[in-house]
Amino acid sequence: MASAAEHADLLIERMGSNPLQVLIAIQKAFNHVPGDAICRIASALDLPLSRILGDVEFYGFLSREPLGVYSVLMSDSITDWMLGSRELFLRLCGNLGVSPGVTRSDGLATVGKTSCTGMCDQGPALLVNGIAVANLTGDRIDAISRLMEKKIPLVAWPDEYFHVESNIRRRGWLFQDWEGAIFEGEALLQEMTDAGLRGRGGAGFPTAKKWASCRDAPGSERYVVCNADEGEPGTFKDRVLLQHCAGRLFEGMALCARIVRAKKGFLYVRGEYRYLEAHLENLLAARRDTDFEIELHWGAGAYICGEESALLESIEGKRGIPRVRPPFPVTHGLHGMPTVVDNVETFCAASAIAAGGGREFRSLGTAGSHGTKLLSVSGDCSRPGIYEYPFGVSVDQILEDCGAGNALAVQVGGAAGTCLDASEFGRKVCFEDLPTSGSVMVFDRTRNMQEAALNFSRFFARESCGFCTPCRVGTEILAQTMERISEGRGTGEDIFEIGNLGNILKASHCGLGQSAARAVRDMLKKFPEHFEGTVK
Amino acid sequence: MKAISLDGIMAPFAEGHTVMDCALAANIPIPHLCYLPRCVPHGSCRLCTVKIDGRFASACTQPAMEGQHVEIDTEELRQLRLSLLRMLFVEGNHYCPSCEKSGSCRLQKAAYDEGMLDLHYRPWYPKREMDASHPDILIDRDRCIFCELCVKASRDVDGKNIFGISGRGTDTRLVVNSKSGLLADTDISAQDRAVEVCPVGAILVKGLGFEIPIGKRLYD
Amino acid sequence: MIRLATCSLAGCFGCHMSFLDMDERFLDLVERVEFDRSPFTDIKSIGKCDIGLVEGGLCNEENLAVLKKFRENCVILVAVGACAINGGIPAMRNHFSIDECLAEAYLDGVGIENPQIPSDPELPVLLKKVCPVHEAVRIDYFLPGCPPSAGAFEVLLEALLKGETPELPRNFIHYD
Ligand SMILES: Cc1cc2nc3c(=O)[nH]c(=O)nc-3n(C[C@H](O)[C@H](O)[C@H](O)COP(=O)(O)O)c2cc1C
Ligand code: SF4
Ligand code: SF4
Ligand code: SF4
Ligand code: FES
């Protein structure tokens, strides 16, 4: 086998000049990124070494130290915990005789943890060499351990291990079989405006307005970028859209490209969905649009890259550090050029409006939130999966449909979202009341919300990009405080401090830090009895 | 001329100015660490956080806009600054009594100005690598606050591009652009702007330690 | 009379020396307060006090026990000096393991004769990490400095004796 440095040359020739994509390939081939490969990539691409090193040390799926032949990352989302992932993690470590995060001395395996893998409706889940294995049980963990001990390559593992369910439980307007496009260009923009389409990634910016701003911004190039980073714990609807509606998605991107006059687009998919690679590459290869090219760009284990400006940095091959805003991506986006960044569902909805017009869309939903929303429902319910509802659906309705008879709390919007107690289940999912990218996690009456608070606080500390003081330090202090509380060493002062940290975090540079203490504060306020017993 | 209100004082501004630019021009102090005039601001330390029409914003990156009401010297913001400074102290290793920068350190001065008497949080005592390889210059990462001023100065002023920031979250670290990762293998010189610009004692010129007597130092 | 106790944990007695630098003003102080446990009195155990001044951080079990006694017995507890507030110079050992520190001090260091690690049961057990006093008990006031100046001690005590909240003027705040 060629040395890592030689391999890097080859990869750059074959894959082009994007350092992050080359690094992901090196990691795959060598189970780590050796120093000589870092140097070679830097010199071949004429970039400072620190840029390449910075990538390796930033992205969770890249490593400077050699990992095992099998590198396992257990999904550490709260929904995984609720399904027993922590016990399974210990069982796997025990089976293989490894300590968490430490590669076995014979180099066979490394077992660590990663944030939510987007398999919440079929957890617990893990990634083995980047590929998802869901529906874990004790037996499956034992079987996987044996396969690894026997050094059976992944391709020879039973197919069912890699099977990912779509679990589409409720279909609505978006999931119809939309074909073609009647509306294009100006007419489409008008139709989208009339329909009242707003972004589905969380912030809810009017989509037509974004596209028009990009079209009108000065620049020699323009880009259309689809955000399929989907890192918010409890969200997995973009995964299902990529699986079933990627054609509509590409159509939506192409329609946008024609409006803003972009020749190049990127689909930024989180690394956790790597198993979709062949599917997506095939569909892209079958596209016959020569005016607008779409390139796949893989993430590598960094939640922050879902933030649009961090995502653009990542496509540029840098660490995913959010940019100063303003200027916004519509005027200064990829390579400083006007860029549209939209969520998968937003592009799908736009192309469906192009195919069927905006009238029906407008008639659905509430006064301020038109159309439908895909919800990813997980946690304590008998039918977890994807539910498409018109905006305005009540939490009660969702609970009834998903079979959650005994709900204590519902977390809407993921770790960065809002925690509701039973008195609030009449609230409605829409931009005016409960805005969300689609994560709905149900906790039943057997649960202790302190666990969720602990899980979310660790999540933010692990995913903070480290750029700004309040978030880099504050999320870690918050997580340490929650750890103390859950180990029974907390004090009343710790509880008070959590409130303080919430205020400080609001001074953060981006949305991650700004919302990092939100759920924990909600839980403290609404379920104080879940914390009292453990606090001195 | 357009103007914004800074704690009730009207300050004029020109197109493209930030809130920090206005404040500096109007001689209204806003504490700051990662901002330096004539250097592109990026807003990482957040010490310059102000409240504009009810929302936090970093003054160094926030464009001034007609009609803004900017709060600076309020109890809420003083508490926030104090907390941010404490955070910067606990995440690193700041033993001022044995630091050559003491007395001329901008972090220390900012903490004095805000009346910081204690850490409040538990110090982390992180283990960070020291780089003493260069004959004239020392890197003590224990004191680095990731302001990136050295990165920008070396790249944009010295034209050498010697520093970079790597890692993520609490593992964020200052790195050197050389194969060995050591400063000795770069063409840095003690006269470089990158050395001078470090606000804390993380990049120091060797052999000058404790040269200036206590009482005569920059911020004494 | 107001009762005052002082102690030095993992410190160097520098703060105490600086306290004494109040010179003749110290005599006034002695008129107004009664010293309980303190290196100045050589009283070894603390009784009920109004004010306790703690110099130094925590590096061993004994430090921790003394600190807890001070907290139990003092109405107002003040952390005095850099070491009490952030661990100070002794905390620089936190970058090494205890074994490494002991080996350097007693086995491998320069000029050591008859190398052996002391193991007398009288010696207090070292804590894994040196830490500031506010990690173990509630602290009411902090007096930074390495050491705090005599003037700073004066400002602090003057206010406490009057029953006021001490406000350290800007020029008395320093960390070195
Ligand atoms: C920390 C953070 C993470 C985010 N993650 C995602 C994500 O995974 N997917 C997404 O579409 N938007 C995400 N966003 C929102 C994006 O910044 C951006 O608003 C969105 O992609 C715009 O698309 P839309 O208008 O179609 O919603 C995130 C924002 C923040 C602050
Ligand atoms: S808030 Fe957190 S994630 Fe966002 S820039 Fe600051 S450190 Fe990075
Ligand atoms: S860098 Fe500044 S704050 Fe840190 S130890 Fe040195 S003087 Fe103190
Ligand atoms: S070394 Fe100094 S100038 Fe450079 S980032 Fe650290 S604190 Fe800033
Ligand atoms: S000076 Fe503005 S964020 Fe640092």
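Before looking at any helix pair, I wrote down the rule: angles under 35 degrees count as roughly parallel, over 145 as roughly antiparallel, 65 to 115 as roughly perpendicular, and the rest as oblique. I also kept in mind that this is a predicted model.

**Entry: a helix pair in chain A**

I started with α9(A), residues 207-216, and α11(A), residues 246-260. I looked up the angle between them and got about 40 degrees, with the axes 8 Å apart. By the rule above, α9(A) and α11(A) are therefore oblique to each other.

Next I asked myself which residues make the contact between α9(A) and α11(A). On the α9(A) side I found A:W211, A:C214 and A:R215. They meet A:G252, A:C256, A:I259 and A:V260 of α11(A). Sorted by class, the residues of this contact come out as five nonpolar, one polar and one charged.

**Entry: how enclosed is α9(A)?**

I stayed with α9(A) and checked burial. Seven of its 10 residues are buried, so the helix is largely enclosed by the rest of the structure. The buried ones are A:T207, A:A208, A:K210, A:W211, A:A212, A:C214 and A:R215. I noticed A:W211, A:C214 and A:R215 among them, and I had already met these as contacts of α11(A).

What covers the buried residues of α9(A)? My list includes α8 (185-195), α11, α13 (308-315), β9 (339-343) and α14 (344-356), which belong to chain A.

**Entry: the cores**

Then I went after the nonpolar cores. The largest has 222 residues. I looked for the members with the most contacts inside it, and they are A:W211, A:L249, A:L267, A:L280, B:F163 and C:F19. The element that gives the most to this core is α11(A), with 10 residues.

I picked A:L267 for a closer look. Leaving aside its neighbours within four places in sequence, I found A:L267 in contact with A:C226, A:A228, A:L242, A:L249, A:F250, A:M253, A:L280, A:I294, A:E295, A:L296 and A:H297. Another core, of 25 residues, lies apart from the largest one. A:C93, A:A143, A:L147 and A:F162 are among its residues.

**Entry: which chains touch**

I counted two pairs of chains in contact, and chains A and B share the most contacts. Chain A and chain C do not touch, and I noted 10 Å between their nearest C-alpha atoms.

**Entry: ligand surroundings**

I took ligand 2 first and found 13 residues around it. The closest are A:C465, A:C468, A:C471, A:C510 and A:G513. The shell splits into eight nonpolar, five polar and no charged residues.

For ligand 3 I moved to chain B. The residues around this ligand are B:F89, B:H94, B:Y95, B:C96, B:C99, B:S102, B:C105, B:L107, B:Q108, B:R143, B:V200 and B:G201. I classed the shell of ligand 3 as seven nonpolar, four polar and one charged.

Ligand 4 has B:C144, B:I145, B:F146, B:C147, B:E148, B:C150, B:L174, B:C198, B:P199, B:V200, B:A202 and B:I203 around it. By class, that shell has 11 nonpolar, no polar and one charged residues. I spotted B:V200 in the list for ligand 4 and in the list for ligand 3.

**Entry: backbone oddities**

A reminder to myself: most residues other than glycine have a negative phi, and most peptide bonds are trans.

With that in mind I looked at A:P326 and A:P327. A cis peptide bond joins A:R325 and A:P326, with omega about -5 degrees. Another cis bond joins A:P326 and A:P327, with omega about 0 degrees. I placed A:P326 in the loop between α13 and β9 of chain A, and A:P327 is in the loop between α13 and β9 too.

Then I checked positive phi values. A:N129 has phi near 45 degrees and sits in the loop between β3 (126-128) and β4 (131-133) of chain A. B:Y125 also has phi near 45 degrees, and I found B:Y125 in the loop between α3 (106-113) and β6 (130-131) of chain B.

Is each buried or exposed? A:N129, at 35% relative accessibility, counts as partly exposed, while B:Y125, at 5%, counts as buried.

**Entry: one exposed proline**

Last, I looked up B:P29, in the loop between α1 (19-25) and β3 (49-52) of chain B. B:P29 is exposed, with a relative accessible area of 66%. Its C-alpha atom is 9.6 Å from that of B:C48, and I noted that the two residues are 19 residues apart along the chain.

Terms used
Residues numbered from 1 in each chain as written. Chains lettered and ligands numbered in written order. Predicted model: local features only at pLDDT ≥ 70, side-chain atom pairs only at ≥ 80, totals over all residues. Heavy atoms only, no water. Near = heavy atom within 4 Å. Nonpolar A, V, L, I, M, F, W, Y, C, P; charged D, E, K, R; others polar. Axes fitted to C-alpha atoms, helices over the stretch in contact; angles between N-to-C directions. Helix = DSSP H or I, 4+ residues; strand = E, 2+ residues; numbered from the N terminus. Contact = heavy atoms within 4.5 Å. Core = buried A, V, L, I, M, F, W, Y, C linked by side-chain atoms within 4.5 Å. Buried < 20%, exposed > 50% of the residue type's maximum accessible area, 1.4 Å probe, protein only.
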